[in-house]
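Reader: I should like to learn how to read helices, pockets and loops in a structure. May we work through one case together?

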Amino acid sequence: KDYSTLTGILKVGRLIHHCPERYLASFKMLRAAVEMGSENYSLSFESKVPDSVLCEREAEVRVLGIGSGSGEIDSIILKRLLLRHNSVYNRVVEPSEDMIGQYKTPVSGDTSLGVVKFDWRQQTAEEYFQTKENTKFYLVHAFHVLYHVKGLAATLRNMWEQLADGGNMIVAMESDNSDAGRLYKKLWEDFGQGDRLDTSLRTSADVTHWLDTTGISYVTSLIDVNINVTECFKEDSDEGRMILDFLTQTPYRRSQK
């Protein structure tokens with residue numbers, strides 16, 4: 001029992017590392033519980049994208065997506081850029097073959113994205129940046145993925161270094177002042193072991209701290225998202241267990257004693 005309890009504590013904030021299949025399943029369950037709907041959620045990022053980037057209208061806009069998943073947000077970004085630019089080169093860095101497949105299917109049939117050149121890289125962020133690519137991008141983004149990279153500061157630095165002069169970097173993270181952000185803090189205070197930044201319990205404050213330390217100027221904004229957690233209060237709800245696992249980033253958190 002003591003060993004089991006210790007093992008459970010060591011897994012706090014490490015869902016994706018210990019149970020990647022559970023992570024994917026719980027992620028899908030959480031998306032279904034988002035009350036604004038996954039499509040409207042993706043659309044909420046549209047206003048965060050610059051109307052144009054600092055390159056000639058005729059020039060090819062280069063975009064780098066880190067952990068793009070199934071591509072819903074990417075597609076919205078690309079369509080917004082195409083309102084002002086004639087051509088876009090979009091490099092997708094995503095380790096999951098399944099996610100890349102889900103990304104490719106809709107974009108291949110979307111004629112509005114016909115001028116976009118897709119460059120698919122089935123790699124983790126760490127693997128990608130180790131290749132030492134020299135290409136510079138006008139837009140580099142990572143939407144709710146930097147919880148899981150091995151080194152947050154190193155990944156942010158690598159993303160920044162791949163920006164072209166005048167380019168933009170967009171990072172979306174859970175706010176440290178949100179309900180989930182406060183949950184992360186409480187979990188770590190009560191059960192955390194080691195360095196919190198080695199887990200997925202990271203928030204926007206960790207990103208802004210790096211930006212402040214590095215001397216990079218930035219602006220912040222909030223997107224309000226409501227999640228229906230009713231199932232989490234039902235004793236025998238598998239859906240509730242998976243939502244809770246994702247919210248705590250901890251495998252089978254509900255069953256730990």
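Reader: Which residues of α8 are buried?

Author: This is a predicted model, in which local features need pLDDT of at least 70 and side-chain atom pairs count only at pLDDT 80 or more, while totals for chains, interfaces and linings use all residues. Residues are numbered from 1 along each chain as its sequence is written, and side-chain values use heavy atoms, with hydrogens and water left out. Buried means under 20% relative accessible area, exposed over 50%, and partly exposed in between, with a 1.4 Å probe and protein chains only. Helices (H or I, at least four residues) and strands (E, at least two) are DSSP runs, numbered from the N terminus. In α8, the buried residues are L152, T155, L156 and M159. Seen down the axis of α8, these buried residues fall within an arc of 100 degrees, so they line one face of the helix. The arc is that of the directions from the helix axis to the C-beta atoms.

Reader: Against which elements do the buried residues of α8 pack?

Author: Packing is read from contacts, and contact means heavy atoms within 4.5 Å. The buried residues of α8 pack against the strands β1 (60-66), β4 and β5 (163-172), and against the helices α7 and α10 (204-214).

Reader: How should I place this helix within the chain, and how many helices and strands are there?

Author: The chain has 11 helices and five strands. Of its 257 residues, 45% count as buried. Among contacts with a separation of 6 or more, 76% join residues 24 or more positions apart.

Reader: How is the length of a helix judged, and what span does α3 reach?

Author: The expected span is 1.5 Å times one less than the number of residues. Helix α3 (residues 20-33) has 14 residues, and the distance from its first C-alpha to its last is 20 Å, close to the 20 Å expected. Its buried residues are R22, Y23, S26, L30 and A33. They lie on the same side of α3, because they cover an arc of only 100 degrees around the axis. The face turned away from that buried side carries the exposed residues E21 and A32.

Reader: What do the buried residues of α3 pack against?

Author: They pack against α2 (15-18) and α11 (238-248). In α11, the buried residues are G240, M242, I243, D245, F246, L247 and T248. These in turn pack against α2, α3 and α9 (179-191).

Reader: Is R241 of α11 buried or partly exposed, and what follows the helix?

Author: R241 is partly exposed, with a relative accessible area of 26%. Its C-alpha is 7.1 Å from that of Y252, which is 11 residues away in sequence. After α11 comes Q249, whose phi is positive, near 55 degrees, although Q249 is not a glycine. With a relative accessibility of 2%, Q249 counts as buried.

Reader: How is a pocket defined, and what is the volume of the second largest one?

Author: On a 1 Å grid over the protein atoms alone, a cavity is a set of points where a 1.4 Å probe fits but cannot get out, whereas a pocket is an open set with protein on both sides within 12 Å along at least five of seven lines; lining residues have an atom within 4 Å of a point. Grid points are joined across faces, edges and corners, and a volume is the space filled by probe spheres set on the points. The second largest pocket has a volume of about 260 Å³. It is lined by 15 residues, of which F129, K132, N158, E161 and Q162 are the closest to its centre. Both α7 (125-130) and α8 (152-161) supply at least two residues each to this lining.

Reader: How do the lining residues divide by character?

Author: Ala, Val, Leu, Ile, Met, Phe, Trp, Tyr, Cys and Pro count as nonpolar, Asp, Glu, Lys and Arg as charged, and the others, Gly among them, as polar. The lining of the second largest pocket divides into three nonpolar, seven polar and five charged residues.

Reader: Where is K132 placed?

Author: K132 is in the loop between α7 and β4. Although K132 is not a glycine, it has a positive phi of about 55 degrees, and it is exposed, with a relative accessible area of 64%. T135 is placed in the loop between α7 and β4 (137-143) and counts as partly exposed at 25% relative accessibility. Leaving aside neighbours within four places in sequence, T135 is in contact with R62, R91 and Q162.
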